[in-house]
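Me: Please take me through one part of this model in detail: the ligand site and its surroundings. Keep it brisk.

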Amino acid sequence: QTPLNPEYTFDNFVEGRTNQFAYASAFAASEQPGGLYNPLLIYGDVGLGKTHLMQAIANNMLVHNPDAKIKYVTSENFMNDYINSIKTGTQEQFRQEYRDLDALLVDDVQFFSEKNGTQLEFFNTFNSLHDNNKQIVLTADQNPKEIPNLTDRLVSRFVWGLTVEITAPDLETRIAILNRKAEEENLQGIPNEVFNFIASKINTNVRELEGALMRVRVFADLHKTSINEAVAREALQGIGNDAPATLSIDLIQKKVAAHFNINQSDITGKKRVKNIVIPRQIAMYLSRELTDNSLPRIGKEFGGKDHTTVLHAIDKIEKQMTSDSNLQKEINSLKKDLRP
Ligand code: ADP
Ligand code: MG
């Protein structure tokens with residue numbers, strides 16, 4: 001049994017486009033445990049907030065009912081408890097412990113893969129809880145249907161209730177998360193450009209985002225300076241999507257213009273027609289992804305545009321890529337061209 005982290009609450013969780021469905025489902029399950037969303041299964045890559053949301057369910061249930069019997073374990077905890085109970089002949093006790101509950105939360109069920117004995121035991125635990133309308137919450141690092149060597153009947157139970165995916169946060173959400181973390185850490189007066197810089201450089205997951213902010217903070221402390229964009233840039237050198245110094249914004253503009261059969265002056269110009277605006281936004285996006293230039297700097301090289309325009313462009317392209325696989329392919333091939 002792992003203790004709950006009291007910081008993992010719904011209040012401390014920043015909602016964004018890529019996690020709001022998971023957030024809403026988790027919140028609903030915690031308000032009405034054993035109700036519609038049973039089991040609730042949240043899946044997605046590492047560092048995207050699955051454990052946070054799962055524990056938020058427990059913490060919120062305890063707010064409503066401090067006596068609620070809730071068990072939070074990793075799937076490995078479950079397995080070890082089960083094995084121990086066999087060794088020590090205390091299986092009855094084990095079963096009671098896992099079935100006499102209001103809610104059972106099992107983190108990272110992908111580790112059940114190949115553990116057939118544990119899977120069978122968990123199947124029985126699951127059924128017992130579910131039959132009694134007790135809430136079950138599960139997380140996994142991928143869609144349970146794709147976890148190898150998980151028995152079909154277990155998979156079918158896992159997706160009985162509601163299955164929701166969390167994907168990597170978009171730029172706006174990353175900036176919001178950094179703001180929230182800075183607030184939580186009592187870091188005051190960090191300029192917005194610093195948040196923008198970190199968020200555009202680290203586009204993988206929230207844990208790395210937190211790590212980057214921490215790194216900038218430690219770096220500033222060591223150098224006895226306040227946090228600004230130059231400091232952040234130095235602190236995060238070689239981290240995140242860093243670019244070779246040789247790749248210039250100019251070259252990106254030329255390549256993108258050639259690819260879309262328009263002129264480079266269109267890319268840096270002000271025309272608002274669609275067949276120019278989109279290549280322009282793609283070029284801005286690639287400049288941020290593939291070079292080390294700041295947003296204001298990129299804006300400048302695109303005909304003196306404001307950094308918020310650049311931010312907007314990056315965000316728009318990121319969003320569009322998640323729903324438009326052709327655009328994604330196009331951008332990936334441009335990237336490969338630019339940085340083989
Ligand atoms: P996972 O279980 O998916 O690997 P975690 O729940 O451990 O990810 O999240 C990693 C870190 O990121 C934790 O410190 C968590 O609080 C934080 N985190 C993740 N998503 C968010 C979010 N949307 N808002 C605030 N913090 C978040
Ligand atoms: Mg986790």
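Reply: Helices (H or I, at least four residues) and strands (E, at least two) are DSSP runs, numbered from the N terminus. This is a predicted model: local features need pLDDT of at least 70, side-chain atom pairs count only at pLDDT 80 or more, and totals for chains, interfaces and linings use all residues. Residues are numbered from 1 along each chain as its sequence is written, while chains are lettered from A and ligands numbered from 1 in the order in which they are written.

Start with the frame. The chain has 16 helices and 5 strands. Its C-alpha atoms fill a box of roughly 75 × 45 × 35 Å along the principal axes. There are 340 residues, and 39% of them count as buried (20 or more other C-beta atoms within 10 Å; 12 or fewer is exposed, in between is partly exposed; C-beta atoms are placed from the backbone).

Now the site. Around ligand 1 there are 14 residues (C-beta, placed from the backbone, within 6 Å of it). Gly49, Lys50, Thr51, His52 and Val206 come nearest. Two helices, H2 (50–64) and H9 (206–222), each supply at least two residues of this shell. By type, the shell divides into 6 nonpolar, 5 polar and 3 charged residues (nonpolar: Ala, Val, Leu, Ile, Met, Phe, Trp, Tyr, Cys and Pro; charged: Asp, Glu, Lys and Arg; polar: the others, Gly among them).

The records speak to this part too. An unreviewed UniProt entry annotates Gly47, Gly49, Lys50 and Thr51 as "binding site". It also carries "domain: AAA+ ATPase" for residues 36–165. Positions are in the numbering used here, feature names are shortened, and annotations may be inferred rather than shown by experiment. In the model, residues 36–165 are 46% helix and 18% strand, and the end C-alpha atoms of that span lie 17 Å apart.

Take two of the annotated residues in turn. Lys50 sits in helix H2. Lys50 counts as buried because it has 26 C-beta neighbours inside 10 Å. Beyond its neighbours within four places in sequence, Lys50 is in contact with Ile42, Gly44, Thr139 and Ile166 (contact: C-beta atoms, placed from the backbone, within 7 Å). Thr51 is also found in H2. Thr51 has 20 other C-beta atoms within 10 Å, so it is buried. Its contacts, with the same sequence neighbours left aside, are Asp107 and Thr139. Thr139 therefore appears on both lists, given that Lys50 and Thr51 each touch Thr139 under the 7 Å rule.

Follow Lys50 to Ile42. Not counting residues up to four places away, Ile42 touches Ala22, Ala26, Lys50, Leu53, Met54, Thr139, Val164 and Ile166. Ile42 is also among the residues with the most contacts inside the largest nonpolar core, along with Ile57, Leu105 and Ile198. That core has 83 residues (buried Ala, Val, Leu, Ile, Met, Phe, Trp, Tyr and Cys joined through C-beta atoms within 7 Å). In soluble globular proteins, nonpolar side chains tend to be buried together.

Ile42 belongs to strand S1 (residues 40–43). Which residues cover its two faces? Leu40 and Ile42 lie on one side, Leu41 and Tyr43 on the other, and all are buried. In a regular strand the side chains alternate between the two faces of the sheet.

S1 has two parallel partners to note. With strand S4 (residues 135–140), it pairs over 4 bridges (pairing: at least two DSSP bridges). There, Leu41 bridges to Leu138. With strand S5 (residues 162–165), S1 again pairs over 4 bridges. Leu40 has Leu162 as its bridge partner in S5.

Just before S1, look at the backbone. Asn38 and Pro39 are joined by a cis peptide bond, with omega about 0°. Pro39 lies in the loop between H1 and S1. A second feature is at Asp108, with phi near 60°, positive in a residue other than glycine. Asp108 is in the loop between strand S3 (103–107) and helix H5 (116–131). It is buried, because 20 other C-beta atoms lie within 10 Å. Most residues other than glycine have a negative phi, and most peptide bonds are trans.

Last, helix H1 (residues 20–31), which holds Ala28. Ala28 counts as partly exposed because it has 16 C-beta neighbours inside 10 Å. Ala28 and the core residue Ile57 are 29 residues apart in sequence, but 8.9 Å apart in space, C-alpha to C-alpha.

Terms used. Contact = placed C-beta atoms within 7 Å.
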